[in-house]
Amino acid sequence: MRRGEAQERLIRRGLPSVMVGIFLVVCANAAIADSSLTLKFRDAGTGLPTDARVQVYRPGGWAFENPDEFLLTHSSSQTGPYVHALDSLVIDGPAGLWAVLVSQGITSIPAVRSITVSGAMTEVVELDHWIDPRQDGLYCADPHVHLNHDKGLHYPPLPHDRAANAARGEGLDLMYLL
């Protein structure tokens, strides 16, 4: 079966679904946001709070269809939609199985969780790194960052603290915004 074919079949049957990396997550139809998941992000080495890149899929689909002004939704054809979060993130939605993928740049080991959410819950996600280039005096940078939506739409002006949050969420020490 070619990539996406299974997802197309589920959609034709009325079952929303999303691709999370190589995983296909089937989402049940639910219209009531009766549950809440608080995600807290910690560095596995230090135990300290850390920023992160987060993807959450819950019954009904992607968890951030209508982000507030402080939560910018990004998307890429390789990974799908994601947000950069400070040390924690609260998501409201229907009870059921939620898929969570948290990472912090190319040096992190992605944390993948399937969480059955019911009521108000809190989940601590520890981010571990397979390498720390800073120990060798190296720094991570991206000197060419465009902040734009798909289809050529641009984000509103981004405050410096939010740009810094996005950089930390990607594990960057330096990010040059174009």
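Let me start with a sheet: four strands, in the order β8-β3-β12-β10, form an open sheet of mixed pairing, where strands are DSSP runs of E of at least two residues and helices are DSSP runs of H or I of at least four, both numbered from the N terminus, and where two strands pair if DSSP finds at least two bridges between them. Its edge strands are β8, residues 88-93, and β10, and each of these pairs on one side only. As a general reminder, the strands of a sheet pair through backbone hydrogen bonds, either parallel or antiparallel.

Before I go on, a word on the source: this is a predicted model, in which local features need pLDDT of at least 70 and side-chain atom pairs count only at pLDDT 80 or more, while totals for chains, interfaces and linings use all residues. Residues are numbered from 1 along each chain as its sequence is written, and side-chain values use heavy atoms, with hydrogens and water left out.

Staying with the sheet for a moment, β10 is joined to β12, residues 120-129, by 2 bridges, and these two strands run antiparallel; within β12, Asp128 is the residue that stands opposite Ile109. At the other edge, Gly93 lies in β8 and is buried, with a relative accessible area of 1%, buried meaning under 20% relative accessible area, exposed over 50% and partly exposed in between, for a 1.4 Å probe and protein chains only. The C-alpha atom of Gly93 is separated by 6.2 Å from that of Ser36, although the two are 57 residues apart along the chain. Pro94, in the loop between β8 and β9, also counts as buried, at 4% relative accessibility, and its C-alpha atom is 8.0 Å from that of Ser36, across 58 residues of chain.

As for the whole protein, there are 2 helices and 14 strands, and buried residues make up 39% of the 178 residues. Of the contacts with a separation of 6 or more, 61% are between residues 24 or more positions apart, a contact being heavy atoms within 4.5 Å.

Now to β4, residues 52-58: why can we call this strand largely enclosed by the rest of the structure? We can because 7 of its 7 residues are buried. Ala52, Val54, Val56 and Arg58 point one way, and Arg53, Gln55 and Tyr57 the other way, and all are buried. On the pairing side, β4 runs antiparallel to β7, residues 80-85, with 3 bridges joining them, and Val54 stands opposite Val83 there. β4 also runs antiparallel to β9, through 5 bridges, with Tyr57 opposite Ala99.

Which strands does helix α2 pack against through its buried residues? They are β4, β7, β9 and β14, the last of these being residues 174-177. The helix itself spans residues 160-169, and its buried residues are Arg162, Ala163, Asn165, Ala166, Ala167 and Gly169. After α2 comes Gly171, whose phi is positive, near 75°.

Two loop residues are linked to Arg168. Asp51 lies in the loop between β3, residues 35-43, and β4, and is buried at 9% relative accessible area. Its side chain makes a polar contact of 2.6 Å with the side chain of Arg168, a polar contact being a pair of N or O atoms within 3.5 Å where, within protein, one must be able to donate a hydrogen and the other to accept it, and residues adjacent in sequence count only if both atoms are side-chain atoms. Leaving aside neighbours within four places in sequence, Asp51 is in contact with residues including Leu86, Gln104, Asn165 and Arg168.

Gln104, in turn, is found in the loop between β9, residues 96-103, and β10, residues 108-109, and is buried, with a relative accessible area of 7%. A polar atom of the Gln104 side chain lies 3.5 Å from the backbone oxygen of Arg168. With neighbours within four places in sequence again left aside, the contacts of Gln104 include Asp51, His129, Glu170 and Gly171.

That brings me to the second largest pocket, which is lined by 14 residues, with Asp43, Gln104, His129, Arg134 and Gly171 nearest its centre. A pocket here is found on a 1 Å grid over the protein atoms alone, as an open set of points where a 1.4 Å probe fits, with protein on both sides within 12 Å along at least five of seven lines, and lining residues have an atom within 4 Å of a point. The lining divides into 3 nonpolar, 5 polar and 6 charged residues, where Ala, Val, Leu, Ile, Met, Phe, Trp, Tyr, Cys and Pro count as nonpolar, Asp, Glu, Lys and Arg as charged, and the others, Gly among them, as polar.
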